[in-house]
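Work through the following exercises with the sequence and the model open. Each task is followed by a solution in steps.

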Amino acid sequence: MTDRVRTVLSGLDRIRSETEDLYKDLHRHPELGLREHRTAKKASQALRACGYEVTEGIGGTGVIAVLANSDGPTVMARAEMDALPVREQTGLPYASTVTVTGPDGNEQPVMHACGHDVHVACLIGCARLMALAKGAWRGTFVAVFQPSEENGDGADAMIDDGLTAKAPRPDVVLAQHVLPYPAGYVGTRSGPFLAAADNLRITVHGRGGHGSMPQAAVDPVVMAAMIVVRLQTIVSRELAATTPAVVTVSSINTGAGANVIPDSAVIQLNVRTYDVVTRNQVLQAIERIVKAECDASRSPKAPEIERTASFPPTVNYEAPTRRVAEAFAAHFGDDAHTIDLQTASEDMSAIPEAFGAPFTYWGIGGIDPDLYAQAAKNGTVAQDIPVNHSPTFTPVIQPTLDTGVRAMTVAALAWLGN
Ligand code: ZN
Ligand code: ZN
């Protein structure tokens with residue numbers, strides 16, 4: 001451990017209990033995307049109190065906090081604030097019982113089932129350590145609290161609201177995510193790390209009619225069925241075996257009565273790819289197949305293909321990832337790993353892209369190490385360890401929070417000047 005890292009992390013004992021209390025408070029009060037008013041206020045207050053210049057309300061609820069500490073590099077660290085419409089079943093004393101009214105007027109439970117409360121608490125912890133030890137580093141540290149990651153529109157909302165004019169241009173952007181690995185674990189990965197995700201809603205048109213008279217109708221049920229089967233050939237027949245991608249048809253909706261041929265069908269798809277070329281290839285193949293099957297079925301009207309959500313691939317830059325990986329190896333020793341490719345998705349990379357800055361994004365473990373070791377021994381990790389978005393996803397408070405604070409601090413100091 002360098003002296004600088006040791007000096008800055010010497011504040012950890014001072015902030016630990018407050019970081020833990022803040023985490024429990026955030027966990028108990030989760031907020032859905034673009035409604036993170038309370039969370040944003042907590043972050044703003046904490047960072048203003050330790051000398052940051054704070055701007056609130058960027059892209060709705062987004063916050064930036066800047067600590068300029070003489071000349072030197074600028075490091076931006078990002079945490080996302082939103083929770084999920086999941087009913088918590090962890091049984092924790094600080095479990096969420098929050099419900100809100102959903103868009104359909106129904107009551108919706110809310111839970112920090114993805115661990116974004118861990119990210120917010122750790123970034124606040126790191127930001128406080130940086131403020132406590134200003135003599136140990138030079139440059140500018142920027143903390144970004146982003147809304148609505150789960151909906152894939154929060155980073156863009158901040159960018160559209162002038163993020164690049166409101167925050168200094170970073171030399172690097174850093175972010176981390178708690179994942180179902182043992183707490184204490186940190187994992188970096190150069191190149192592709194998280195998938196691009198695209199959700200599509202496809203409407204194909206037939207001509208409705210009597211179930212007994214198919215000659216007088218164009219059947220969208222058969223059309224949709226052919227499309228579903230043919231879409232399976234994109235990954236199996238058009239991509240190399242070494243190119244990972246997923247095309248999932250997650251719903252088909254059409255028809256109502258046994259004796260009625262409906263006039264349209266709606267198909268929903270989830271697509272995962274790891275690079276821009278493959279992503280475009282798969283999306284173009286979907287469009288080609290849908291149009292061709294509609295033609296083959298005598299569809300009277302062109303299909304509508306809507307993209308309902310879209311996340312870019314998260315492809316880590318090589319040089320900053322190497323730099324952070326080396327700093328982690330020096331600090332965490334055997335707990336620093338190379339992490340596997342993940343099929344989840346993130347909108348974080350839109351932020352560095354807007355600044356034209358490189359970035360690296362890493363994973364930290366959040367699962368009770370004993371529980372994980374036992375499951376690994378039994379070969380039951382997939383069954384026994386709840387993953388992100390599960391109603392029983394339960395990051396243990398320690399060493400998860402200490403690891404997240406340390407990791408962000410060590411990574412930032414790998415960039416900031418002496
Ligand atoms: Zn999530
Ligand atoms: Zn997440």
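## Exercise 1. The largest pocket

The lining of the largest pocket draws its largest share, four residues, from β7. The model is a predicted one.

Task: Describe the lining of the largest pocket and state where the pocket lies with respect to domain 1 and domain 2.

Solution.

Step 1. Start with the volume, which is about 540 Å³ for the largest pocket.

Step 2. Find the centre. The lining has 27 residues, and those closest to the centre of the pocket are Arg 272, Thr 343, Ala 344, Ser 345 and His 389.

Step 3. Assign the lining to elements. Two or more residues come from each of β7, β10 (196-205), β14 (264-273) and β15 (304-311).

Step 4. Sort the lining by class: twelve residues are nonpolar, ten are polar and five are charged.

Step 5. Bring in the domains. The domain assignment divides the protein chain into domain 1 (3-194 + 313-413) and domain 2 (196-311). Both domains contribute residues to the lining, so the largest pocket lies between them.

## Exercise 2. The two domains

Task: How far apart are the centres of domain 1 and domain 2, and how many residues does each domain give to the contact?

Solution.

Step 1. Taken over C-alpha atoms, the centres of domain 1 and domain 2 are separated by 37 Å.

Step 2. In the contact, 16 residues belong to domain 1 and eleven residues to domain 2.

## Exercise 3. A zinc site

Task: Which residues coordinate the zinc ion (ligand 2), and which parts of the chain does the pair of histidines link?

Solution.

Step 1. List the donors. The zinc ion (ligand 2) is coordinated by Cys 114 through SG, and by His 116 and His 177 through NE2, at 2.1 to 2.4 Å.

Step 2. Write the spacing of these donor residues in sequence, which is C-x1-H-x60-H.

Step 3. Place the histidines. His 116 is in helix α4 (residues 116-132) and His 177 is in strand β7 (residues 172-182); they are 61 residues apart, and the pair links distant parts of the chain.

Step 4. Check burial: His 116 and His 177 are both buried.

Step 5. Look for the other metal. The zinc ion (ligand 1) is 3.1 Å from the zinc ion (ligand 2), and Cys 114 coordinates both.

## Exercise 4. The second largest pocket and the largest cavity

Task: Give the volume and lining of the second largest pocket, then those of the largest cavity.

Solution.

Step 1. The second largest pocket holds about 200 Å³ of space.

Step 2. Its lining residues include Leu 32, Gly 33, Arg 35, Asp 82, Glu 150 and Asn 151. By class, the lining of the second largest pocket comprises five nonpolar, three polar and three charged residues.

Step 3. Turn to enclosed space. One cavity of 30 Å³ or more is present in the structure, and the largest cavity has about 30 Å³ of space.

Step 4. Arg 78, Ala 79, His 119, Leu 123, Gln 176 and Met 408 form the lining of the largest cavity. The elements giving two or more residues to this lining are β3 (74-80) and α4.

Step 5. By class, three residues of the cavity lining are nonpolar, two are polar and one is charged.

## Exercise 5. Three loop residues

Task: Is each of His 112, Ser 349 and Pro 399 buried, partly exposed or exposed? Locate each residue and name contacts beyond its neighbours in sequence.

Solution.

Step 1. His 112 is in the loop between β5 (107-109) and α4. Its relative accessibility is 3%, under the 20% limit, so His 112 counts as buried. Beyond four places in sequence, the contacts of His 112 include Leu 26, His 27, Met 81 and Asp 117.

Step 2. Ser 349 belongs to the loop between β17 (336-338) and α10 (350-355). With a relative accessible area of 4%, Ser 349 is buried. Apart from neighbours within four places in sequence, Ser 349 contacts Pro 312, Pro 313 and Phe 359.

Step 3. Pro 399 sits in the loop between α12 (381-384) and α13 (400-413). The relative accessible area of Pro 399 is 31%, so this residue is partly exposed. Not counting residues up to four places away in sequence, Pro 399 touches Ala 183 and Gly 184.

Step 4. Compare sequence with space for Pro 399 and Gly 365: 34 residues separate them in sequence, and their C-alpha atoms are 9.0 Å apart.

Conventions: Residues numbered from 1 in each chain as written. Chains lettered and ligands numbered in written order. Predicted model: local features only at pLDDT ≥ 70, side-chain atom pairs only at ≥ 80, totals over all residues. Heavy atoms only, no water. Donors = N, O, S within 2.8 Å, 3.2 Å for Na, K, Ca; no water. Buried < 20%, exposed > 50% of the residue type's maximum accessible area, 1.4 Å probe, protein only. 1 Å grid on protein atoms, 1.4 Å probe; cavity = no way out; pocket = protein on both sides within 12 Å on 5 of 7 lines; lining within 4 Å. Points joined across faces, edges and corners; volume = space filled by probe spheres on them. Nonpolar A, V, L, I, M, F, W, Y, C, P; charged D, E, K, R; others polar. Domains from an automatic or database assignment. Contact = heavy atoms within 4.5 Å.
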